Structures are given as structure tokens and as C-alpha cells.
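Here's a quick tour of the model for anyone who wants to get their bearings before heading back to the bench. Have the structure open and follow along.

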Amino acid sequence: QVQLVQSGGGLVQAGGSLRLSCAASGNIFSIPTMNWYRQTPGKQRELVAAITSDGSTNYADSVKGRFSISRDGAERTAYLEMDSLKPEDTAVYYCNFRIKLRWYELVADYWGQGTQVTVSS
């Protein structure tokens with residue numbers, strides 16, 4: 001079955017950088033969209049960045065100019081490069097892939113396990 005495995009994250013000082021990765025495995029036809037979300041306690045999950053199969057990207061206003069989303073040539077891994085980190089970026093970060101298992105099927109959402117990012121002031 002399809003599985004998303006995240007790596008990266010951890011503790012960093014304000015102004016520092018971190019890189020998150022999310023790799024998909026399984027029998028996949030295509031991944032039209034790869035997203036990164038984040039969530040803090042008591043708040044809804046927030047879309048941070050998105051990238052489509054043609055390379056188009058979209059970012060939350062709060063991270064524009066600081067975060068960069070990319071995907072590899074095989075298009076099964078997404079990356080989130082986070083620079084100039086701020087304490088308010090502290091959250092659990094989740095990858096979300098919209099995946100087609102077969103060409104004739106609709107996309108379905110799959111989620112990574114989440115990874116903690118903590119930015120100290």
C-alpha cells in the first residue's frame with residue numbers, strides 16, 4: 001500500500017534552517033500535488049506550501065520568501081527547505097500527497113506521520 005515517510009525536522013535557533021523530506025512508496029500512477037501542512041496545539045492544520053506536477057508552487061503568506069518546496073525527478077519525494085526560521089514556525093509539519101493509484105481513478109489524500117519543528121528564540 002501507499003506510505004509516506006517523513007524525515008528531517010528537529011530543534012533550531014531562530015534564523016536557522018531546516019530541511020524536511022517526504023518520500024512515497026507503493027504502487028502509484030501519479031502524484032499531481034504535493035503539500036506541506038503544519039499544526040500547533042489548538043489550531044487547525046495550515047497549508048504551508050504546495051507544488052504541482054508541472055512545478056507550480058504556492059506558499060502561505062507567512063512563509064513566502066523563507067520556505068521553498070521542491071520535488072525530485074522521479075516525483076515521489078517532496079522537500080521543504082525552511083530558512084530564516086522564526087519561533088512562530090514551531091509546529092508539527094505534515095506532508096500530504098494527492099495520489100492517483102491508477103490512471104482512471106480519482107486522486108486520494110495520503111499523509112505523512114508528522115515531524116516536530118521547534119524554533120527557539
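Asn27 sits in the loop between S3 and S4. In this predicted model, Asn27 counts as exposed because its relative accessible area is 65%, and the cut-off for that label is over 50%. Asn27 and Val2 are 25 residues apart along the chain, yet their C-alpha atoms are separated by 6.7 Å.

**Another loop to look at**

- Ser84 belongs to the loop between S8 and S9.
- The backbone of Ser84 has a positive phi, near 50°, and this is a residue other than glycine.
- Is Ser84 buried, exposed or partly exposed? With a relative accessible area of 40%, Ser84 comes out as partly exposed.

**The disulfide**

- Searching the whole structure turns up one disulfide.
- Cys22 and Cys95 are the partners, with 2.0 Å from S to S.
- That link bridges distant parts of the chain: Cys22 is in strand S3 (residues 18-25) and Cys95 is in strand S9 (residues 91-100), 73 residues apart.
- The angle about the S-S bond is 55°, and the link of Cys22 and Cys95 is right-handed.
- Are these two cysteines buried or exposed? Cys22 and Cys95 are both buried.

**The nonpolar core**

- The largest nonpolar core has 30 residues, and the ones touching the most other members are Trp36, Phe67, Leu80, Met82, Tyr93 and Phe97.
- Quite a few strands chip in: S3, strand S4 (30-39), strand S5 (46-52), strand S7 (67-71), strand S8 (77-82), S9 and strand S11 (115-120) each supply at least two residues of this core.
- Which strand gives the most to this core? That's S9, with five residues.

**The four-stranded sheet**

- Four strands line up in the order S1-S3-S8-S7, making an open sheet with antiparallel pairing.
- At the edges you'll find strand S1 (3-8) and S7, each of which pairs on one side only.
- From one strand to the next, the twist averages 15°.
- Zooming in on S7 and S8, their antiparallel pairing runs over five bridges.
- If you want a landmark here, Arg71 stands opposite Ala78 in S8.

**Strand S11 and its partners**

- S11 has two faces: Thr115, Val117 and Val119 are on the covered one, while Gln116, Thr118 and Ser120 are on the uncovered one.
- How do strand S2 (residues 10-13) and S11 pair, parallel or antiparallel? S2 and S11 pair in the parallel sense, over four bridges.
- To find that pairing, look for Gly10, which stands opposite Val117 in S11.
- S9 also pairs with S11, this time in the antiparallel sense over three bridges.
- Tyr93 is a handy marker for this pairing, standing opposite Thr115 in S11.
- Tyr93 has also come up already, as one of the core residues that touch the most other members.

**Aromatic pairs**

- How many aromatic pairs does a search of the whole structure find? The count is two.
- Tyr37 and Trp111 make up a tilted pair, 5.1 Å centre to centre with 55° between the planes.
- Tyr37 lies in strand S4 and Trp111 in strand S10 (residues 108-111), so this pair ties together parts that are 74 residues apart in sequence.
- Trp111 is partly exposed, at a relative accessible area of 36%.
- Trp103 and Tyr104 also pair up: their ring centres are 5.5 Å apart and their planes are at 90°, so this pair is edge-to-face.
- Both Trp103 and Tyr104 are exposed.

**Arg45 and its rings**

- Which rings does the charged end of Arg45 sit over? Tyr94 is one of them, with the charged end of Arg45 3.8 Å from the ring centre.
- Trp111 is another, with the charged end of Arg45 4.7 Å from the ring centre.
- Trp111 thus shows up in two contexts here: paired with Tyr37, and under the charged end of Arg45.

How values were computed: Residues are numbered from 1 along each chain as its sequence is written. This is a predicted model: local features need pLDDT of at least 70, side-chain atom pairs count only at pLDDT 80 or more; totals for chains, interfaces and linings use all residues. Side-chain values use heavy atoms; hydrogens and water are left out. A disulfide is a pair of cysteine sulfur atoms within 2.5 Å. Buried means under 20% relative accessible area, exposed over 50%, partly exposed in between (1.4 Å probe, protein chains only). A nonpolar core is a set of buried Ala, Val, Leu, Ile, Met, Phe, Trp, Tyr and Cys residues joined through side-chain atoms within 4.5 Å. Two strands pair if DSSP finds at least two bridges between them. Axes are lines fitted to C-alpha atoms, for helices over the stretch in contact, and angles run from 0 to 180 degrees between N-to-C directions. Rings of Phe, Tyr and Trp (its six-membered ring) pair if their centres lie within 6.5 Å; planes under 30 degrees apart count as stacked, over 60 as edge-to-face and the rest as tilted. A charge sits over a ring if NZ of Lys or CZ of Arg is within 6 Å of the ring centre and within 35 degrees of the ring normal.
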